[in-house]
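Let's walk through this structure together, from one end of the chain to the parts that hold its middle. Keep the 3D view open and turn it as you read.

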Amino acid sequence: MGEKHQWSNEEIKCLLETCIEEINSVGKRGLSLHKDSWNKLGRVLKEKFGMDFSQKQLKNAFDNLKAKYIGWMYLKNKTGNIYNSQTNTFSLTNEEWEQFKKGHPKAASLRTSSLPFPDLCAALFDGNAATGNRKCADDLANDMKKALQYLIKGNEGPTVLECSDKLKLVGLDPVDPLFLVAYHIFGVSTGMREAWMALSDLPGVLKGWLAMTAQRNGHARHVNVDDDDEVEAHGTASDREYMNGLRDEIAEQMMQLWND
């Protein structure tokens, strides 16, 4: 991972732990770290391993780990007994590995090497390391998921939980408005959930479909699919207002359902 440097497990663990500490301390800048956090990560690695890493090398390592973790989660959530928890490896046919590689090219190494430190990767990339305002965003998303589960109770077709698992492939930050728009879309109808589950597992395809559907449903001004654009660490005031508005909208739908 990273510019021709072969990262050891000790270096990877140090990178993950330091990133988690920085996010807990100062938060994130969009889907990445603040500049000062990258500088601190470089200093920590220099002190422990005597290696000078550029920010590009550090970010490449960070991004490649994230891509590998997303691919690992995809395989782990697949139906069928393909995951061996003892060895942290997957049992796929050659054809299945080739198909997986097409959708997750940066995670293709899972075929020959396991994901290092899955728990630390989950804490970093799933947002479990976050506190404060970020925790509020996570709580809000959970509230919306529960509300949607009530709304569609008894309906046939894919569940919100199944749709939520697939949403992890996109790698959205919980404070990204598109993340919460996704849950709103999942609650629209069984047809929406079926369409989502029928899509290719390519992250770009999934993200594009969410943005297109959001635009059709009047959420376009809150959605940006440019990977180079970053979301503020805890969302803007407008984003937070919008998130609360979505939750209120779902609550209103619930009340209407119960009154019918």
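**A walk through the chain**

His5 sits in the segment that comes before α1. The model you are looking at is a predicted one. With a relative accessible area of 15%, His5 is under the 20% limit and so counts as buried. Which residues does His5 contact, leaving aside its neighbours within four places in sequence? They are Glu11, Met51, Phe53 and Gln57. His5 also has a partner far along the chain to look for: Ala61 is 56 residues away in sequence, yet the two C-alpha atoms are separated by 9.3 Å.

Now step back for the overall plan. The chain holds eleven helices and two strands, and along the sequence they follow the pattern α-α-α-β-β-α-α-α-α-α-α-α-α. Of the 260 residues in the chain, 45% are buried. Links between distant parts of the sequence are well represented: among contacts between residues at least 6 apart in sequence, 70% join residues at least 24 apart.

Next, find helix α1, which covers residues 9-26, and look at how it meets α3. The two helices pack at an angle of about 90°, and their axes are 11 Å apart. An angle from 65 to 115 degrees counts as roughly perpendicular, so α1 is roughly perpendicular to α3. On the α1 side, the residues that meet α3 are Ile12, Leu15, Leu16 and Cys19. On the α3 side, their counterparts are Leu58, Ala61, Phe62 and Leu65. Ala61, then, belongs to this contact as well as being the residue paired with His5 in the distance given above. What kinds of residue make up the contact of α1 with α3? Eight are nonpolar, with no polar and no charged residues. In soluble globular proteins, nonpolar side chains tend to be buried together.

Helix α5, residues 118-125, joins this part of the picture. Its buried residues are Cys121, Ala122, Ala123, Leu124 and Phe125, and they pack against α1 and α3.

Stay with α1 a little longer, as two of its other residues deserve a look. Thr18 lies in this helix, and at 6% relative accessibility Thr18 counts as buried. Beyond residues up to four places away in sequence, Thr18 touches Leu41 and Val44. Glu22 is in α1 too. Is Glu22 buried or exposed? Glu22 is buried, with a relative accessible area of 8%. With residues up to four places away again left out, Glu22 touches Gly27, Ser37 and Lys40. For Glu22 and Lys40, the separation is 18 residues in sequence and 8.6 Å in space, C-alpha to C-alpha.

Two loop residues invite a check of the backbone. Most residues other than glycine have a negative phi. Asn88, in the loop between β1 (83-84) and β2 (89-90), has a positive phi near 55° without being a glycine. Phe117, in the loop between α4 (94-103) and α5, also has a positive phi, about 50°, and is not a glycine either. Their surroundings can be compared by accessibility: Asn88 counts as buried at 12%, whereas Phe117 is partly exposed at 27%.

Finally, turn to the largest nonpolar core, which has 57 residues. Leu167, Trp196 and Leu210 touch the most other members. The largest share of this core, ten residues, comes from helix α3 (residues 55-77). Where does the core lie with respect to the domains? Domain 1 (9-133) and domain 2 (152-219) both give residues to this core, so it lies between them.

Trp196 is a good place to zoom in. Not counting residues up to four places away in sequence, Trp196 touches Cys163, Lys166, Leu167, Val170, Phe186, Leu206, Trp209 and Leu210. Its contacts thus include Leu167 and Leu210, the two residues named with Trp196 as touching the most other core members. From Leu210 you can move on to Val181, which lies in helix α8 (residues 177-186). Val181 is buried, with a relative accessible area of 0%. Val181 and Leu210 are 29 residues apart in sequence, and their C-alpha atoms are 7.9 Å apart in space.

How values were computed. Residues are numbered from 1 along each chain as its sequence is written. This is a predicted model: local features need pLDDT of at least 70, side-chain atom pairs count only at pLDDT 80 or more; totals for chains, interfaces and linings use all residues. Side-chain values use heavy atoms; hydrogens and water are left out. Helices (H or I, at least four residues) and strands (E, at least two) are DSSP runs, numbered from the N terminus. Buried means under 20% relative accessible area, exposed over 50%, partly exposed in between (1.4 Å probe, protein chains only). A nonpolar core is a set of buried Ala, Val, Leu, Ile, Met, Phe, Trp, Tyr and Cys residues joined through side-chain atoms within 4.5 Å. Domain bounds come from an automatic or database domain assignment. Contact means heavy atoms within 4.5 Å. Axes are lines fitted to C-alpha atoms, for helices over the stretch in contact, and angles run from 0 to 180 degrees between N-to-C directions. Angles under 35 degrees count as roughly parallel, over 145 as roughly antiparallel, 65 to 115 as roughly perpendicular and the rest as oblique. Ala, Val, Leu, Ile, Met, Phe, Trp, Tyr, Cys and Pro count as nonpolar, Asp, Glu, Lys and Arg as charged, and the others, Gly among them, as polar.
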